[in-house]
Amino acid sequence: YAYLDRLESAFDPPSIRPGIRWYQSVPEPLPGVSMDWGERPDLRLARIDLEGGFVLGRFSRGEEKKLPTEVTFRYRGSKLGAEVRILSALPSKIDSSWSGLGVEFKNTDRDTRKELSDFIETLRGEGHVRS
């Protein structure tokens, strides 16, 4: 049981598992969170933790390689900039594009992790992020 529990927690981060229910095609975005990632104003954040997050949007295949490594999240006056690396992609059920990308935060020093922790704590205080 302990092995299965540990294995499940290893595959639970938002960068790998977007949190889709069986009846959903894409996960629900976090309300009020906006993000800047390149020239894409249509992107939304669905899940986030200290290790990474899941970004919703329509991405054509191959476009993920052209996205910048810097992303900025905004929520009610809070702003967080972080470097990301794409770990996973959610295929669209409509066409051959991606419906979302799982990203991992990279090169996070202590200051960046503190800012990330404060940003997540703000979202958790509003009830948007689970513990």
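**Exercise 1. Decide whether Arg76 is buried or exposed, and describe its backbone.**

Solution. Step 1: in this predicted model, Arg76 has a relative accessible area of 64%. Exposed means over 50%, so Arg76 is exposed.
Step 2: Arg76 sits in the loop between strand 4 (70-75) and strand 5 (78-91).
Step 3: the phi of Arg76 is positive, about 45°, although the residue is not a glycine. Most residues other than glycine have a negative phi.

**Exercise 2. Place Gly81 in the fold and find what Gly81 is in contact with.**

Solution. Step 1: Gly81 belongs to strand 5.
Step 2: the relative accessibility of Gly81 is 31%. Buried means under 20% and exposed over 50%, so Gly81 counts as partly exposed.
Step 3: leaving aside neighbours within four places in sequence, the contacts of Gly81 are Glu70, Val71, Thr72 and Thr112.
Step 4: one of these, Val71, is 10 residues from Gly81 in sequence, and the two C-alpha atoms are 5.7 Å apart.

**Exercise 3. Work out how strands 2, 3, 5 and 6 are joined.**

Solution. Step 1: start with strand 2 (residues 44-48). Four bridges join strand 2 to strand 3 (residues 52-59), and the two run antiparallel. They form a hairpin with three residues between them. Within this pair, Ile48 stands opposite Gly53.
Step 2: go on from strand 3 to strand 6 (residues 98-105). Six bridges join strand 3 to strand 6, again antiparallel. Here Val55 stands opposite Leu101.
Step 3: add strand 5, which is joined to strand 6 by seven bridges and runs antiparallel to it. The hairpin between strand 5 and strand 6 passes through six residues. Leu101 appears in this pair too, as the bridge partner of Ala89.
Step 4: check how covered two of these strands are. Four of the five residues of strand 2 are buried, so strand 2 is largely enclosed by the rest of the structure. In strand 6, seven of the eight residues are buried.

**Exercise 4. Find which residues of helix 2 are buried and where they lie around the axis.**

Solution. Step 1: helix 2 covers residues 110-125, 16 residues in total. From first C-alpha to last, helix 2 reaches 22 Å, close to the 22 Å expected at 1.5 Å a residue.
Step 2: the buried residues of helix 2 are Thr112, Leu116, Phe119, Ile120 and Leu123.
Step 3: seen down the axis, the buried residues of helix 2 fall within an arc of 95°, so they line one face of the helix.
Step 4: the face turned away from the buried side carries the exposed residues Arg110, Asp111 and Gly125.
Step 5: the buried residues of helix 2 pack against strand 2, strand 4, strand 5 and strand 6.
Step 6: after helix 2 comes Gly127, with a positive phi near 85°.

**Exercise 5. Identify the residues with the most contacts inside the largest nonpolar core, and list the elements that supply it.**

Solution. Step 1: the largest nonpolar core has 25 residues, and Trp37 and Ile48 have the most contacts inside it.
Step 2: strand 2, strand 3, strand 4, strand 5, strand 6 and helix 2 each supply at least two residues of this core.
Step 3: take Trp37. Leaving aside neighbours within four places in sequence, Trp37 is in contact with residues including Leu43, Val55, Phe59, Val84, Ile86, Leu101 and Val103.
Step 4: in soluble globular proteins, nonpolar side chains tend to be buried together.

Terms used:
Residues are numbered from 1 along each chain as its sequence is written. This is a predicted model: local features need pLDDT of at least 70, side-chain atom pairs count only at pLDDT 80 or more; totals for chains, interfaces and linings use all residues. Side-chain values use heavy atoms; hydrogens and water are left out. Buried means under 20% relative accessible area, exposed over 50%, partly exposed in between (1.4 Å probe, protein chains only). Two strands pair if DSSP finds at least two bridges between them. Contact means heavy atoms within 4.5 Å. The expected span of a helix is 1.5 Å times one less than its number of residues. The arc is that of the directions from the helix axis to the C-beta atoms. A nonpolar core is a set of buried Ala, Val, Leu, Ile, Met, Phe, Trp, Tyr and Cys residues joined through side-chain atoms within 4.5 Å.
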